[in-house]
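Reader: I should like to understand how oppositely charged side chains pair up in a folded chain. Could you take me closely through the part where such pairs are found, and then through its surroundings?

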Amino acid sequence: MNNIVNAQNPFFERYQTPHGAAPFDRIKTEHYEPAIQEGIKQQKEAIDAIIRNPKKPTFSNTIEALENSGELLDKVTPVFGNMLGAETSDELQALAQKLMPLLNEHSNNITLNEQLFARVKEVYQQKKTLKLNLEQSKLLDNVYESFIRHGANLQGEARDQYRQLSNELSTLTLTFSENNLKETNNYQLLLTDKADLAGLPEMIVDAAAETAKSKGKDGWMFTLQAPSFVPFLTYADNRELRHTLYLAYNTKCSQDNEFNNSDIVRKIVNIRMKIAQLLGYNNHAEYTLQKRMAENSDAVYKLLNQLLDAYTPTAQKEYQEVQDLARQAEGNDFVLMPWDWSYYSNKLKDKKFSINEEMLRPYFELEQVKKGVFGLAEKLYGITFKKNTDIPVYHKDVEAYEVYDQDGKYLSLLYTDFHPRAGKRAGAWMTSFKDQWINLQTGENSRPHISVVMNFTKPTENKPALLTFSEVETFLHEFGHALHGMFANSTYKSLSGTSVYWDFVELPSQIMENFAIEKDFLNTFARHYETGEVLPDDLIKRMVDASNFNVAYTCLRQVSLGLLDMAWYTRNTPFEGDVKAYEQQAWVKAQILPVVKEACMSTQFSHIFAGGYSAGYYSYKWAEVLDADAFSLFKQKGIFNREVAGSFRNNILSKGGTEHPMVLYKRFRGQEPSIDALLIRNGIK
């Protein structure tokens, strides 16, 4: 039976698809396990061959051989991992619970292999005499340091403990993410009285009616997915219902049910601390930040405290201004609570600037926004996008594009996946199904397959998908990550694309967000979906004028998350306490709104508990300092300046992890970044 399954398993074949794209139309859940098992077997055989090689260890027969091992795993695991995020199912999640520990154990078997590490170490000790180029030198450093950072120097009981802890951690992070998705999908707010919809825009009401209909219900259904949850808190006049939906969202995975992540949070924090201490560090943050631009916790706290000092006075004024407006309507005793913030902030913004998200939405029809974003890449870098319906996709909402460079050569595949569904986790992200690398035997530059996944407003029966301005910014953000992946041009897969220091990876994404309020960019695509009217200059001016509205509050929100992250991961003693109480103390300095004791962010904070941002959430603000400084060069030379864009591509986007990020940044910018650029842009200084 296994031979029949394997014979029909697309992972065991050379893909007969355009550009070797994953054949999603043929991949089934039962194909993953045999392919992963065989991939583990093949890589183990490759590792054994490296160890048995009678020749003296060299860069080629050890470091490059290790880099090139695991070809089948590199083929199947990105598809498996990405489907868990973008198109999962109960069957796939059950399989993940079985396979993730196997993959983690396999990884441990490599980094804890004493004979393999002895060969790696021997090559590393010869580094000064090997005459390596920049990429080779970086790869050697990374491989050697990866072994050290994954337990290669541990002995006896410590080595066994590392194995056990890392295996447990892989299961816990997976369960954390699954609970978050299930809790999100399980909540439904069904309204049957039309009076409860007061204040909500027509498009949101229509979408809620369609959601209810899809569930076999009469009325209007609201969910915890962003296109439903965010507009409800922004526009619904019914304060009690705003309170209800706010609590549903902000108590996710902290309630007394099977999806409670509180104990998982404790376990993840304690395991990461124990692993760090086994490896000779005081805490997880110290371990993590060693491989970041920030380098240590002091530098992170310095940035967060600088932002606190600079933005808090303005944030307090912003809160007071919104509070004052609310009291004009509700009375002098009214206390503005978190479920009131979006509602009254929106009213204040409209009052001050005569603008809100719904006024702009008709000008941001998704197809037009796509043309605008793709067109921006063409103006900056000369690349073009060609939709190819022959490329298989994993869901009917997904589209696949061939991307061609300015010289007409094939550059990359790009998948776009815009709308929420039950099998997709919340948020927005960029990922890859295949990384870029160069075949050392043939010289072929194997180009990447990149994907951007989002949860944008869906079309309704009467209207196409009309995005909010915030969704346009998110599109630009994730597209910046995509450019980083598509322009990758490294010899080695592990140094390619977004394989850079974590506090540098957000620079390409955040620099793209700056274009969202540039008139010359908006004029290329922003047209009313019914009349074709271009976005009026007066509306653009109001957008620009409003671009720093409540910017200090927003900054402190990000700072608070950075403080929470650091509080969890600078611990050097086990945590057995109350997660909510610890959280509220951790970020108290950055809180502007009244505290809601029932709310809990940690139990749903996937970035730091199930993603790659543990002791790294500060990187959004770190990169924002870089992007403010970097974009000032575009403003100075012209936002479509090909020379500046070319320099950004050559020095930042295509280099991957081949050099230290600050070396790359200074080569592009000619100077070190300063926090002043951000303060000036935000009108704080």
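**Salt bridges and their surroundings**

Author: Let us begin with a group rather than a pair: salt bridges join Glu-87, Asp-417, Arg-421 and Lys-424 into a network. The model shown here is a predicted one, and a search through the whole of it finds 37 salt bridges. Three single pairs deserve a close look.

The first pair is Lys-463 with Glu-202, whose closest N and O atoms lie 3.5 Å apart. These two residues come from distant parts of the chain, 261 residues apart: Lys-463 belongs to the loop between β9 (449–453) and α18 (469–486), while Glu-202 belongs to helix α9, which covers residues 202–214. The partners also differ in their surroundings. Lys-463 counts as buried because its relative accessibility is 14%, and the cut-off for that class is under 20%. Glu-202, at 53%, counts as exposed, because that class is for values over 50%.

The second pair connects this loop with this helix again. Glu-461 and Lys-213 meet through their side chains in a salt bridge, at 3.7 Å from N to O. Glu-461 sits in the loop between β9 and α18 and Lys-213 in helix α9, with their positions 248 residues apart in the chain. Here Glu-461 is exposed, at 62% relative accessibility, and Lys-213 is exposed too, at 60%.

The third pair is formed by Glu-399 and Lys-387, with a distance of 2.9 Å from N to O. In this case two strands are linked: Glu-399 is in β4 (residues 399–404) and Lys-387 is in β3 (residues 384–387), and the two residues are 12 apart in sequence. Glu-399 is buried, since its relative accessible area is 16%, whereas Lys-387 is partly exposed, at 45%.

Glu-399 leads us on to the nonpolar interior. Leaving aside neighbours within four places in sequence, Leu-414 is in contact with Glu-399, and its other contacts include Phe-385, Ala-400, Tyr-401, Val-403 and Phe-479. The largest nonpolar core has 142 residues, and Leu-414 is one of those that touch the most other members, along with Phe-364, Phe-385, Phe-479, Leu-483, Trp-568 and Phe-609. A second core, of 32 residues, is separate, and among its members are Phe-80, Met-83, Ala-400 and Tyr-415. In soluble globular proteins, nonpolar side chains tend to gather in buried positions.

Helix α9, which supplied a partner to each of the first two pairs, also appears in the wall of a pocket. The second largest pocket has a volume of about 630 Å³. Its lining consists of 25 residues, and those nearest its centre are Thr-211, Thr-223, Gln-225, Pro-420 and Lys-458. Two or more lining residues come from each of α8 (156–186), α9, β2 (220–222) and α10 (226–235). The largest share is that of α9, with 7 residues. Sorted by class, the lining holds 11 nonpolar, 10 polar and 4 charged residues.

Of these elements, α10 can be described further. This helix is mostly covered, with 8 of its 10 residues buried. The buried ones are Pro-227, Ser-228, Phe-229, Pro-231, Phe-232, Leu-233, Thr-234 and Tyr-235.

Finally, two single residues in loops may be set side by side. Lys-252 lies in the loop between α11 (239–250) and α12 (262–278). Lys-252 counts as buried because its relative accessibility is 3%. Beyond its neighbours within four places in sequence, Lys-252 is in contact with Asn-180, Glu-183, Thr-184, Leu-224, Thr-603 and Gln-604. From C-alpha to C-alpha, Lys-252 is 16 Å from Gln-584, although 332 residues separate them in sequence. Gln-8, by contrast, counts as exposed, at 53% relative accessibility. Gln-8 lies in the loop between α1 (2–7) and α2 (29–52). Apart from neighbours within four places in sequence, Gln-8 is in contact with Arg-26 and His-31.

Definitions and conventions
Residues are numbered from 1 along each chain as its sequence is written. This is a predicted model: local features need pLDDT of at least 70, side-chain atom pairs count only at pLDDT 80 or more; totals for chains, interfaces and linings use all residues. Side-chain values use heavy atoms; hydrogens and water are left out. A nonpolar core is a set of buried Ala, Val, Leu, Ile, Met, Phe, Trp, Tyr and Cys residues joined through side-chain atoms within 4.5 Å. Buried means under 20% relative accessible area, exposed over 50%, partly exposed in between (1.4 Å probe, protein chains only). Contact means heavy atoms within 4.5 Å. A salt bridge is a side-chain nitrogen of Lys or Arg within 4 Å of a carboxyl oxygen of Asp or Glu. Helices (H or I, at least four residues) and strands (E, at least two) are DSSP runs, numbered from the N terminus. On a 1 Å grid over the protein atoms alone, a cavity is a set of points where a 1.4 Å probe fits but cannot get out, and a pocket is an open set with protein on both sides within 12 Å along at least five of seven lines; lining residues have an atom within 4 Å of a point. Grid points are joined across faces, edges and corners, and a volume is the space filled by probe spheres set on the points. Ala, Val, Leu, Ile, Met, Phe, Trp, Tyr, Cys and Pro count as nonpolar, Asp, Glu, Lys and Arg as charged, and the others, Gly among them, as polar.
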